[in-house]
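Grab a pencil and work through these exercises with the structure open beside you. Each task comes with a worked solution.

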Amino acid sequence: MELQKIYVLSYYHGSGAGAALMQTVLELAYQIQPDYLWLDTHTTNTKAIRFYEKNGFVKAGKNYFTIGAQTFEYYVMCLPIAVEEEACCG
């Protein structure tokens with residue numbers, strides 16, 4: 001299962017809005033029971049990385065996306081749902 005993105009307007013940062021959205025995503029994931037919940041986030045987005053790590057995600061690798069002459073680097077992060085963590089992100 002893939003989580004595309006969680007965006008919260010900066011005005012609402014620290015309000016618990018992101019945590020509430022993540023809680024809803026996790027509840028759905030535990031109902032569906034995929035092996036893993038995956039996402040990617042830009043490697044320089046330290047706020048997002050901390051948020052995802054706080055919610056149990058770990059870095060599993062990197063992904064690169066090129067548009068024209070620009071290449072963007074992303075961390076691929078995962079959270080085991082229905083399998084052991086070692087199988088997810090080792």
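Contact here means heavy atoms within 4.5 Å. You're looking at a predicted model, where local features need pLDDT of at least 70, side-chain atom pairs count only at pLDDT 80 or more, and totals for chains, interfaces and linings use all residues. Residues are numbered from 1 along each chain as its sequence is written, and side-chain values use heavy atoms, with hydrogens and water left out.

**Exercise 1.** List the residues that methionine 22 touches, skipping those up to four places away in sequence.

*Solution.* Start with Leu3 and Ile6. Then add Phe51, Tyr52, Asn55 and Phe57.

**Exercise 2.** Decide whether threonine 41 is buried or exposed, then find its contacts.

*Solution.* First, locate threonine 41 in strand E1 (strands are DSSP runs of E, at least two residues, and helices runs of H or I, at least four, numbered from the N terminus). Next, check its relative accessibility: at 5% it counts as buried, because buried means under 20% relative accessible area, with exposed over 50% and partly exposed in between (1.4 Å probe, protein chains only). Now for the partners: leaving out residues up to four places away in sequence, threonine 41 touches Ala48, Ile49, Tyr52, Tyr74, Tyr75 and Met77.

**Exercise 3.** How far apart are threonine 41 and phenylalanine 72, in sequence and in space?

*Solution.* Count along the chain and you get 31 residues. Then go from C-alpha to C-alpha, and the gap is 10 Å.
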